[in-house]
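Trainee: I should like to understand how the terms used for a structure follow from their definitions. May we go through them one by one?

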Amino acid sequence: MRGLQLPLSQTQKVRLQKALQQLESLSSKVNSDASVTVADSISVNHEDGFLKGHGTTDLKGEVVATVCGVVERVNKLVYVRTLRSRYKPEVGDIVVGRVVEVVQKRWKLEINYSQNATLMLSSMNLPDGIQRRRTALDELNMRSVFEENDVVCAEVRGFQHDGLHLQARSQKYGKLKRGQLLTVTPYLVKKQKQHIHHIEQYGIDLILGCNGFIWVGEHIEAKDDDDMADQAKQSEGQEQSFTALETRKYICRTANAVRVLSNLGFNMTLEIIKETVNLSLTLNLDAHEMLSSEFCVLVAEKEAERRSSIKKKR
Amino acid sequence: MHCSHAVFRTRAVNTAAGSAYAEFGNTKVIVSLFGPRESKKAMMYSNIGGLNCNVSYTTLATLSREQGSNHQEYSMMLYKALEGAIILETFPKTTVDVFALVLESAGSDLPVVISCASLALADAGIMMYDLVSSVSMSCLDRNLVIDPNLEEEHCQDGSLMISCMPSRCEVTQLTVTGDWSTPTLDEGMQLCLDACAELAKIMRSCLRDAALGCQE
């Protein structure tokens with residue numbers, strides 16, 4: 001319903017409505033009267049002490065919204081969450097970004113934040129794996145590590161005076177190759193225990209960046225630092241080989257599953273993405289057919305069923 | 001009233017952070033907004049955000065070529081109208097870029113651009129004190145005409161444009177040109193403020209519909 005560009009027939013619209021209503025009734029929060037537009041006053045009980053959070057301001061004693069969105073109340077904090085906002089970074093988040101610029105001793109990455117994030121050369125493991133001071137030669141060879149428009153996975157290190165800093169010190173971070181980058185609203189990717197998933201049965205990697213950038217790609221083995229020198233030689237030989245057709249099909253399927261789920265506004269978790277892919281396989285749909293309106297409605301119905309069955313079990 | 005033929009839609013442009021489309025009579029405007037983002041222009045540190053406005057006309061917007069001159073000023077006027085309404089302290093060191101494109105011009109272009117731009121700002125989630133709605137009025141031989149079309153604008157003796165924030169009863173921009181007598185000006189201003197309040201209601205309902213459509 002959120003501005004889907006899919007043409008839905010009448011029956012499909014009815015089914016989708018029904019599934020979404022069922023999901024809404026299952027959700028624990030009552031949010032029907034919570035959406036506000038700019039300068040709407042927010043109903044607050046003035047006797048209880050309350051804290052004005054983001055998106056609110058004080059106008060002659062009344063609490064008034066400054067953005068359009070949904071009012072959230074957490075204990076005494078009242079704030080307005082916008083529906084389409086940029087990513088709000090927190091230390092330790094795993095993000096996926098695209099290199100925009102190569103500057104002195106750092107790379108600038110675009111991560112759907114209001115500023116470009118910085119990845120310092122010193123926060124990155126060197127290709128030969130040795131821990132040493134970065135010399136001028138390393139600086140000149142920065143482009144051999146990452147170039148413009150490369151996709152990189154990194155972790156948020158913190159906020160410094162000149163912006164947001166990232167680090168990519170472990171083997172699981174670094175350049176991402178042979179896959180697809182997808183963009184969803186950051187709100188749909190909640191903080192989970194693991195953001196980097198390896199789906200063995202298909203041989204693909206799924207990285208759910210907290211900034212809403214999701215990477216689906218061929219699986220790359222995370223090697224130790226000792227093997228880095230050998231790997232550098234091996235990778236030259238590997239470039240000649242191509243990704244298998246089956247793996248590519250699974251990558252497309254998973255990417256389309258993410259697109260459908262983001263269209264419907266469901267939270268991105270490994271389980272729901274896997275289930276959507278399984279649903280498409282059981283229905284024998286081709287990867288491109290997953291983007292049709294019929295599949296979209298089926299996914300919504302299946303999710304409604306799944307959640308109601310979970311609720312009944314409780 | 002005159003607002004009955006106003007059409008507003010948000011999310012007109014998918015790739016922009018916020019966007020809106022407005023039709024007012026025959027005047028059609030589309031505004032897309034990018035940001036808050038880093039800008040090369042504003043490399044100096046600033047503890048408030050920057051706003052960069054640009055108003056342009058498509059080549060098929062006007063039937064005649066006469067009106068090429070006003071348009072450079074419109075960007076500055078759009079900036080002045082929106083500056084008072086946006087809470088710039090919320091996005092320091094970054095800039096919001098507003099690009100307005102007039103698809104068809106049939107009189108009172110700038111007010112429609114301003115109202116459409118404030119909808120685009122609300123769509124993008126930029127904090128504002130209130131929506132800015134804007135109305136212009138022409139004086140033709142002591143007759144007051146709200147939202148004049150092109151012929152009326154040509155023959156006008158004076159024009160008045162108000163951009164205001166209705167819920168706060170605050171005016172962000174007032175432009176008066178030409179020949180006005182004081183009582184006519186008073187009457188004109190009151191009419192314009194009432195019209196702004198009505199227009200703001202229509203803009204609100206558009207935002208509310210868009211928000212309800214978006215919720216899961």
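Trainee: Why are strand β5 (residues 69-74) and strand β6 (residues 77-82) of chain A called paired?

Mentor: In this predicted model, β5 and β6 of chain A are joined by 6 bridges in the antiparallel sense. Two strands pair if DSSP finds at least two bridges between them, so these two qualify. Within this pair, A:G69 has A:T82 of β6 as its bridge partner. Strands here are DSSP runs (E, at least two residues), and helices are runs of H or I with at least four, both numbered from the N terminus.

Trainee: What makes β1 (35-36) and β2 (51-52) of chain A edge strands?

Mentor: The open sheet of 4 strands has the order β1-β5-β6-β2 in chain A, with mixed pairing. β1 and β2 each have a single partner strand, so one side of each is left without a neighbour in the sheet.

Trainee: Why is A:D138 called buried?

Mentor: Buried means under 20% relative accessible area, exposed over 50% and partly exposed in between (1.4 Å probe, protein chains only). A:D138 has 12%, so the residue is buried. A:D138 lies in helix α2 (residues 136-140) of chain A. Leaving aside neighbours within four places in sequence, A:D138 is in contact (heavy atoms within 4.5 Å) with A:L121, A:L126, A:R132 and A:R133.

Trainee: On what basis are residues numbered and features accepted, and which atoms give the side-chain values?

Mentor: Residues are numbered from 1 along each chain as its sequence is written, while chains are lettered from A and ligands numbered from 1 in the order in which they are written. Local features need pLDDT of at least 70 and side-chain atom pairs count only at pLDDT 80 or more, whereas totals for chains, interfaces and linings use all residues; side-chain values use heavy atoms, with hydrogens and water left out.
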